[in-house]
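Open the model in your viewer and follow the stops below.

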Number of protein chains: 2
Amino acid sequence: MEKWRILESSYVYKSPFGNLRKDICLLPNLKIIDDFYVNEYPDWVDIIAITKEGNIVLTKQYRHGVKDFTLEVPGGIIDSENESAEQAAIRELKEETGYISDNLPIFLGDMHTNTSNATNKEKSFLMLNAYKKFEQQTDDTEEIEVVLIPFNKVGQLIKNNNITQIFSVTSYYLAKEYMQDIEK
Amino acid sequence: MEKWRILESSYVYKSPFGNLRKDICLLPNLKIIDDFYVNEYPDWVDIIAITKEGNIVLTKQYRHGVKDFTLEVPGGIIDSENESAEQAAIRELKEETGYISDNLPIFLGDMHTNTSNATNKEKSFLMLNAYKKFEQQTDDTEEIEVVLIPFNKVGQLIKNNNITQIFSVTSYYLAKEYMQDIEK
């Protein structure tokens, strides 16, 4: 099995949220694909924040991909020049919800968001003993409502399609697994 | 909280794998975003296929997004005009691996692949008692190696970053949860 070779690359657009690259690829069987599109995204973090009272800290906001309001865990882009993934997790939680924790973020795992068409990974973190200390600091394209729900009800919210974003779902299962492992 | 309004929409490209739409959006606070890109993807299926011997049926192939060979569960696009998600699961498993099952696919859950920038859902299925009956039927851009691994070793493969694709990871946790629930 061999890798594809890129014969030519160009950018359809570049933006702070990611670039779209168009490659002309030569396959091992000598077939040529003229227009293979790759999303060059920066890595993302997602945070399972659980309060001292056992609630998960969720966000509700309008998401234009699905044209609807969705319930998700806080998350966002790592500013790779200026911060680590852990720092991004702390920052995103604070900006989107005003919550912080005196505990360090626990790394739960990282996954490619789309091996076929994207370059990046999503990194999941667990933040325990979270509490509200600040006001939200959203930018002028964000309007975010903070929603607290008992952590042990999240599984049912996923089954009922109240939480549908794959990064939130995966981060929840990783956190649940982590907590089951340390209880053993 | 209000939805965004689309002032103007155009397509950057259209392809059988998805379209890229560029929207000019008016936000509730009257701010305008000139270039919000949305991937209009069809829904995808992913299949956790487990053989009578307790192995999971995985695929190994070159993935150009990450420019590497990855271990993933079988999966692909639902041909929405001609088939149901269940039919797509049966077809993709058969085409990519030659495996089938006499049991119907069990629906495990579906999730938005990216609420912000994509329209579609990924739908996970479990197929039990799978066995090899056919040869692979890949198209001329695919070269797929079938890999069998004991299902109870998949968790370790995820922890070791041998399986990194988020759709495979999520489908595995949903399948594990499903099987734990029916054992109770």
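The tour visits a core, a helix and some charged pairs.

This is a predicted model: local features need pLDDT of at least 70, side-chain atom pairs count only at pLDDT 80 or more, and totals for chains, interfaces and linings use all residues. Residues are numbered from 1 along each chain as its sequence is written, chains are lettered from A and ligands numbered from 1 in the order written, and side-chain values use heavy atoms, without hydrogens and water.

**Core.** Select A:Ile48, A:Phe151, B:Ile48 and B:Phe151. They touch the most other members of the largest nonpolar core, which has 54 residues. Such a core is a set of buried Ala, Val, Leu, Ile, Met, Phe, Trp, Tyr and Cys residues joined through side-chain atoms within 4.5 Å. Buried means under 20% relative accessible area, exposed over 50%, partly exposed in between (1.4 Å probe, protein chains only).

**Helix.** Go to helix 1 of chain B, residues 85–97. Helices are DSSP runs (H or I, at least four residues), numbered from the N terminus. Among its buried residues are B:Ala88, B:Glu92 and B:Leu93. The buried residues fall within an arc of 130 degrees seen down the axis, so they line one face of the helix. The arc is that of the directions from the helix axis to the C-beta atoms. Just after this helix, B:Gly98 has a positive phi of about 80 degrees.

**Charged pairs.** Select A:Lys176 and B:Glu177. Their side chains form a salt bridge, 3.1 Å from N to O. This pair crosses between chains, from helix 3 of chain A to helix 3 of chain B. A salt bridge puts a side-chain nitrogen of Lys or Arg within 4 Å of a carboxyl oxygen of Asp or Glu. B:Glu177 is buried at 11%.

Methods: Helices (H or I, at least four residues) and strands (E, at least two) are DSSP runs, numbered from the N terminus. The expected span of a helix is 1.5 Å times one less than its number of residues.
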